[in-house]
Amino acid sequence: MSKFGVMVMGPAGAGKSTFCASLITHLQLNRRSAFYVNLDPAAETFEHSPDLDIRDLISLEDVMEEMGLGPNGGLIYCFEFLMENLDFLTDALDSLTEEYLIIFDMPGQIELYTHVPILPALVRFLTRTGSLDIRLCAAYLLEATFVVDRAKFFAGTLSAMSAMIMLEVPHINILSKMDLVKDQVRKKDLKRFINPDSGLLDDDPADVARRAVEGKNALEEQEEDATADPQDKDTLMRGSGFRKLNKAVAGLIENFSMISYLKLDVQDEDSVGAILSYIDDCIQYHEAQEPRELKEEEFDEMDQ
Ligand SMILES: Nc1nc2c(ncn2[C@@H]2O[C@H](COP(=O)(O)OP(=O)(O)OP(=O)(O)O)[C@@H](O)[C@H]2O)c(=O)[nH]1
Ligand SMILES: [Mg+2]
């Protein structure tokens, strides 16, 4: 019997826990079962209390205090400890039926997704046939406010791509907090972020505005860059080298051609429902469900 799950990942403050909460509310409203697993050892408050909480195994605060580690080293320690105590997960998840959607709420330290092999090992353990056998989908959240700074948007997209390549499970990317940019970005422009287009770096309004202030055109700027001291901080952060690097990153993402975003507005029930449909499709949730007899009160509701 398969189990079904989604691992909600992304940088710090991307809205992961908020998305988990709205997903659980949506599942409850649709009479579906959710099992909420908090894997963030530093988490403090929750809208829905977790059904399984890594803090019952180990807390970041204790690790930092007892091991003398900082928050990032402490987090890695917590995950290494989890990997040595996988029974903690197996005992709680083993009896869940295929009706459940298991939601893993992950921490926001980006190192976990890009630098260390712990998460791929955890995902392999969760998905392995014969073990928990969870059909797992990764949902990677990036804050929509990143679209305001295009270089930052591509850097964030690169981290999403890196997680996608490392984890080797079905993966969806989500632009969260859409409510914050709705009035700032035109629909036409937004499309170019949804399917990242490297041309976005050529007509960045921030560059246009800066050139206007400095009274230069793009050609003059290029000529100036060519003669500037490459060690100079301004040149490093804004000059041709920086632009070339961003172009190369954006080109890599475009050529990889596997990254696109879904838009999420947690206040909007339909938006959460649409993302759930993508998750269900990725893990083929509906194909595995037994036809279910309606309960009496559900019949009554349908009659109304
Ligand atoms: N405007 C707006 N704010 C949001 C949205 N989602 C989350 N937030 C806010 O963003 C902040 C971070 O949200 P969380 O859900 O805790 O983010 P997280 O990714 O779980 O954060 P960490 O676990 O600390 O990495 C909170 O202040 C939320 O209220 C959203 O859709 N719109
Ligand atoms: Mg969180």
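User: Which exposed residues does α13 carry on the face turned away from its buried side?

Analyst: That face of α13 carries D270 and S277, where exposed refers to 12 or fewer other C-beta atoms within 10 Å of a residue's own, buried to 20 or more and partly exposed to the range in between, with C-beta atoms placed from the backbone. This is a predicted model, in which local features need pLDDT of at least 70 and side-chain atom pairs count only at pLDDT 80 or more, while totals for chains, interfaces and linings use all residues. Residues are numbered from 1 along each chain as its sequence is written, and chains are lettered from A and ligands numbered from 1 in the order in which they are written.

User: Why does D270 count as exposed?

Analyst: D270 lies in helix α13, and it counts as exposed because 9 other C-beta atoms lie within 10 Å. Its C-alpha atom is separated by 9.4 Å from that of H26, although D270 and H26 are 244 residues apart along the chain.

User: And which residues of α13 are buried?

Analyst: I275, I279 and I283 are the buried ones in α13. Seen down the helix axis, the buried residues fall within an arc of 75° (taken over the directions from the axis to the C-beta atoms), so they line one face of α13. As a general matter, an α-helix has 3.6 residues a turn, so residues three or four places apart point the same way.

User: What do those buried residues of α13 pack against?

Analyst: They pack against four strands, namely β1 (3-9), β5 (134-143), β6 (171-176) and β7 (261-263). Helices and strands here are DSSP runs numbered from the N terminus, H or I of at least four residues for a helix and E of at least two for a strand.

User: How far does α13 reach, and what comes after it?

Analyst: Helix α13 covers residues 269-283, 15 in number, and reaches 21 Å from its first C-alpha to its last, close to the 21 Å expected at 1.5 Å a residue, the expected span being 1.5 Å times one less than the number of residues. The helix is followed by Q284, whose phi is positive, near 50°.

User: Where else is phi positive without a glycine?

Analyst: Two such residues are D133, with a phi of about 55°, and E168, also with a phi of about 55°. D133 is placed in the loop between α6 (118-127) and β5 and counts as partly exposed because it has 14 C-beta neighbours inside 10 Å. E168 is placed in the loop between α7 (150-167) and β6, and with 12 C-beta neighbours inside 10 Å it counts as exposed.

User: Switching to the ligand, which residues are closest to ligand 1?

Analyst: The closest are G15, K16, S17, T18 and G108, out of 14 residues that surround ligand 1, with a residue counted when its C-beta atom, placed from the backbone, lies within 6 Å. Helix α1 (residues 16-29) supplies the largest share of that shell, 3 residues.

User: How does that shell split by class?

Analyst: The shell around ligand 1 has 4 nonpolar, 6 polar and 4 charged residues, where Ala, Val, Leu, Ile, Met, Phe, Trp, Tyr, Cys and Pro are nonpolar, Asp, Glu, Lys and Arg are charged, and the others, Gly among them, are polar.

User: Which residues touch the most other members in the largest nonpolar core?

Analyst: V8, I103 and A139 do, in a core of 65 residues; such a core is a set of buried Ala, Val, Leu, Ile, Met, Phe, Trp, Tyr and Cys residues joined through C-beta atoms within 7 Å. Leaving out residues up to four places away in sequence, I103 touches V6, V8, C20, L23, I24, A34, Y36 and V37, a contact being a pair of C-beta atoms, placed from the backbone, within 7 Å.

User: Is I102 buried or exposed?

Analyst: I102 is buried, because 25 other C-beta atoms lie within 10 Å, and its place is in strand β4 (residues 100-105). Beyond its neighbours within four places in sequence, I102 is in contact with K3, F4, G5, F35, V37, L93, L96 and I134.

User: How many residues of α9 are buried?

Analyst: The number is 0 of the 10 residues in α9 (residues 205-214), so this helix lies largely in the open. α9 is followed by G215, whose phi is positive, near 65°.

User: How much of the whole chain is buried, then?

Analyst: Of the 304 residues of the protein chain, 31% count as buried, and the chain has 14 helices and 7 strands.

Conventions
Contact = placed C-beta atoms within 7 Å.
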